[in-house]
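Biologist: Please take a close look at the aromatic side chains of this model, and then set them in the context of the contacts and charges around them.

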Amino acid sequence: MKKRYLLGLAAMFAATLFTTNVNAQEKKTEVGKALQKTGNAVEKGATAVGNKTAEVAVKGGAKVVDQTYKGKMAPDGSNVYIDGKNRKYYINKKGAKIYLKASQIRTRPVQ
């Protein structure tokens with residue numbers, strides 16, 4: 001019984017020893033810093049492009065499927081749409097539908 005207990009304990013110790021992450025600190029050279037800056041810029045640009053693509057796609061779908069609430073605007077000044085369940089929403093800069101309360105819908109100023 002003691003041998004089995006000790007073997008199990010040793011196995012658990014070995015498993016935790018081998019699965020522990022050990023991260024050595026990386027020495028940053030000028031090339032490494034430049035690559036990191038470039039990678040961050042590419043990531044930021046890709047995120048912006050993805051958000052704009054999602055916004056355009058969702059707005060296109062909303063114009064086809066749902067009705068536009070004439071003469072009304074969302075808190076950010078964009079169009080308000082009405083879905084099939086009579087819920088009002090607008091589309092934010094990331095392409096997400098944000099549902100509105102009646103108090104949040106504003107009258108669009110006459111131009």
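How many aromatic pairs does the structure hold?

Modeller: The model is a predicted one, and the structure holds two aromatic pairs. In one of them, the rings of Tyr 81 and Tyr 89 have their centres 5.7 Å apart, and their planes meet at 35°, so this pair is classed as tilted. The class follows from the angle, because planes under 30 degrees apart would count as stacked and planes over 60 as edge-to-face. Tyr 81 and Tyr 89 are both buried.

The other pair consists of Tyr 89 and Tyr 99, with a centre-to-centre distance of 5.5 Å and an angle of 55° between the planes, and it is tilted as well. This pair links distant parts of the chain: Tyr 89 belongs to strand β3, residues 88-91, while Tyr 99 belongs to strand β4, residues 97-99, ten residues away. Tyr 81, Tyr 89 and Tyr 99 thus form one aromatic cluster.

The accessibility of these rings deserves a separate statement. Tyr 89 has a relative accessibility of 0% and therefore counts as buried. Tyr 99 has a relative accessible area of 39%, so it is partly exposed. The cut-offs behind these two classes are under 20% for buried and over 50% for exposed, with partly exposed in between.

Contacts of Val 80 extend the picture. With neighbours within four places in sequence left aside, Val 80 is in contact with Tyr 89 of the aromatic cluster, and also with Lys 88 and Leu 100. Its contacts further include Gln 67, Thr 68, Tyr 69, Lys 72, Met 73 and Ala 74. Val 80 is also a member of the largest nonpolar core, which has five residues. The other members of that core are Ala 74, Tyr 90, Leu 100 and Ile 105. As background, nonpolar side chains in soluble globular proteins tend to be buried together.

The loop between β2, residues 79-82, and β3 contains Gly 84. Gly 84 has a relative accessible area of 81% and is therefore exposed. Gly 84 and Val 65 are 19 residues apart in sequence, and their C-alpha atoms are 8.6 Å apart in space.

The charged side chains come next. Asp 83 forms a salt bridge with Arg 87, and the closest N and O atoms are 3.1 Å apart. Asp 83 counts as buried because its relative accessibility is 13%, whereas Arg 87, at 39%, counts as partly exposed. This salt bridge is one of three found in a search of the whole structure.

Glu 55 takes part in salt bridges too, and this residue lies in helix α2, residues 30-65. The side chains of Glu 55 and Lys 52 meet at 3.5 Å, N to O. These two residues are three residues apart in helix α2, about one turn of the helix. Glu 55 forms another salt bridge with Lys 59, where the closest N and O atoms are 3.1 Å apart. Glu 55 and Lys 59 are four residues apart in helix α2, again about one turn. Salt bridges that share partners join Lys 52, Glu 55 and Lys 59 into one network.

Burial within this network can be read residue by residue. Glu 55 has a relative accessible area of 5%, so it counts as buried. Lys 52, at 47%, is partly exposed, and Lys 59, at 24%, counts as partly exposed as well. Beyond residues up to four places away in sequence, Glu 55 touches Ile 91, Asn 92, Lys 93 and Gly 95. Of these, Ile 91 falls within strand β3, residues 88-91.

The surface offers a contrast to the buried rings. Tyr 5, Leu 6 and Leu 9 make a nonpolar surface patch of about 360 Å². Leu 6 is placed in helix α1, residues 2-19, and with a relative accessible area of 54% it is exposed.

In summary, Tyr 89 takes part in an aromatic pair with Tyr 81 and in another with Tyr 99.

Definitions and conventions
Residues are numbered from 1 along each chain as its sequence is written. This is a predicted model: local features need pLDDT of at least 70, side-chain atom pairs count only at pLDDT 80 or more; totals for chains, interfaces and linings use all residues. Side-chain values use heavy atoms; hydrogens and water are left out. Contact means heavy atoms within 4.5 Å. A nonpolar core is a set of buried Ala, Val, Leu, Ile, Met, Phe, Trp, Tyr and Cys residues joined through side-chain atoms within 4.5 Å. Buried means under 20% relative accessible area, exposed over 50%, partly exposed in between (1.4 Å probe, protein chains only). Patches are made of residues with over 30% relative accessible area and no salt bridge: like charges are joined within 9 Å, nonpolar side chains (Val, Leu, Ile, Met, Phe, Trp, Tyr) within 5 Å. Accessible areas come from the Shrake-Rupley method with a 1.4 Å probe; for residues, only the protein chains shown count as cover. A salt bridge is a side-chain nitrogen of Lys or Arg within 4 Å of a carboxyl oxygen of Asp or Glu. Rings of Phe, Tyr and Trp (its six-membered ring) pair if their centres lie within 6.5 Å; planes under 30 degrees apart count as stacked, over 60 as edge-to-face and the rest as tilted.
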